[in-house]
Amino acid sequence: MDLTDKNVLVIGAARSGIAAAKVVKSLGAHVVLSDAKENLDVNIAGVEVRLGKQTEELLNGVDLIIVSPAVPLRIPLLKAASAQGIRIISEVELAFSLARSPICAVTGTNGKTTTVTLLGLLLETAFDKVGVGGNIGVPLSEVALAVGAGGCIAAEISSYQMEATQNFKPHISAILNVTPDHLKRHGTMEVYQAMKEKIFAQQTAEDFLILNFDDERTRDMIDRAACRVLYFSRQTELAEGAFVKDNRLVIKLDGKIRELCTVDELGIKGGHNVENALAAALTAYLAGATVEGIRGVLKTFRGVEHRIEFVRELDGVKYYNDSKATNTDSAIKALETFAGHIVLIAGGDDKGTDLTDFLNLVKERVDYLILVGDAAARFKTCAEASGFPADARAGRYSTILPIPPRMIFCSSLGDITTCNSSP
């Protein structure tokens, strides 16, 4: 992408927007960074920063707009830009245009960060230069420039990041699952899923798409893919792909089975993490990692912070932190990891998603439910309707109830923050 002397407007002065502004400035563009918030402390050498009300005057002479993930395309300024024929791209599309090494991109409602972190470690067994970024850690455009040629990039991609993409084309893409999330942004599940499917929309016959066979919404995506599609499954022995056979994680390609490790040897625990490991292992293998290299990492990787992360044991009570679970489906997977006797703290901002399945599991495994934040009122109403015992449900700003010493488990539903403690 030649940006020499081009006028580039970057909208959104958060992490991705700041990174994009710095990158395109380094490539010779004239850059304006705009954010509707007025009280930001942003100072980038050579970049004009415009804060506050965003009027169409910002579009004068603009050749390209780069939009941060948090900024929806429906805002008036971007609608006006589209009407004027100004090209609008996301920061990850900028990264793709700059990348000189193949990108392995992972999306899905749950499990992205664990899978991509693991994938980065797996790729390091095969490549001298590996970058990990996107919706995790470092903005993808910075990663693409840092890795350069001859390496490989592991990218976590969100639905927000895909909204403003046109040509984004990873060599290997993986979709872990699709469950209700971010509906305030996307409106419907159909639109949300369409954003996820954009990750493989530009892939061709030489590329790979990896799908979760056990997830009904992802399984049928094969019908809309022009690339080679492989599945992973925790529940079904597949003719080809990655799956569990006789309690072992295996990869089967060209009629040959490659054994990785047993489920018990896997460093990360829980059925959902078996799925994450299968997806990461298959992606890494297709990218060039060996079975031996994959096997060693799968046995030693212990997961990432805030995802069923063991914190400590104090006075016989075990504390776990799962504060990055971003929706009810993710919280369900966390609760399923433990047999029961859980004290659950749930709350935060309310995404408005259906709580039926979540509360059914809460009734089965949670001894005390403690509600906090803006979501507390609706959670309380739904808990009462589900038949959860009133004497086990705390109020909106309750302190933690006395806990018989066994386990404390902290989790988060993303916009719905939860902390699970288990006696």
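**Notebook: helices 4, 1, 12 and 13**

I began with Leu119, which lies in helix 4, residues 112–123. The model I consulted is a predicted one.

I looked up the accessibility of Leu119: its relative accessibility is 0%, so the residue counts as buried, the cut-off being under 20%. Leaving aside neighbours within four places in sequence, I found Leu119 in contact with Cys104, Val106, Ala154, Ala280, Thr283 and Ala284. I also checked Leu119 against Ala155: the two are 36 residues apart in sequence, and their C-alpha atoms are 9.2 Å apart in space.

I turned next to helix 1, residues 15–26. Its twelve residues should span 16 Å at 1.5 Å a residue, and the end C-alpha atoms are 17 Å apart, which agrees. I noted Ser16, Gly17, Ala19, Ala20, Ala21, Val23 and Val24 as buried in this helix. I then asked what covers these buried residues of helix 1. The cover includes strand 1 (7–11), strand 2 (30–35), strand 4 (64–67), helix 3 (91–98) and helix 5 (140–147). After helix 1 comes Gly28, with a positive phi near 95 degrees.

Last, I examined helix 12 (residues 328–336) against helix 13 (residues 356–365): they pack at an angle of about 20 degrees, with axes 9 Å apart. Angles under 35 degrees count as roughly parallel, and helix 12 and helix 13 are therefore roughly parallel to each other. I recorded their crossing as left-handed. On the helix 12 side, Thr328, Ala331, Ile332, Leu335 and Glu336 meet Asp357, Phe358, Leu361, Val362 and Arg365 of helix 13. Sorted by class, this contact has six nonpolar, one polar and three charged residues.

Methods
Residues are numbered from 1 along each chain as its sequence is written. This is a predicted model: local features need pLDDT of at least 70, side-chain atom pairs count only at pLDDT 80 or more; totals for chains, interfaces and linings use all residues. Side-chain values use heavy atoms; hydrogens and water are left out. Helices (H or I, at least four residues) and strands (E, at least two) are DSSP runs, numbered from the N terminus. The expected span of a helix is 1.5 Å times one less than its number of residues. Buried means under 20% relative accessible area, exposed over 50%, partly exposed in between (1.4 Å probe, protein chains only). Contact means heavy atoms within 4.5 Å. Axes are lines fitted to C-alpha atoms, for helices over the stretch in contact, and angles run from 0 to 180 degrees between N-to-C directions. Angles under 35 degrees count as roughly parallel, over 145 as roughly antiparallel, 65 to 115 as roughly perpendicular and the rest as oblique. A crossing is left-handed if the near helix is turned anticlockwise from the far one by less than a right angle, and right-handed if clockwise. Ala, Val, Leu, Ile, Met, Phe, Trp, Tyr, Cys and Pro count as nonpolar, Asp, Glu, Lys and Arg as charged, and the others, Gly among them, as polar.
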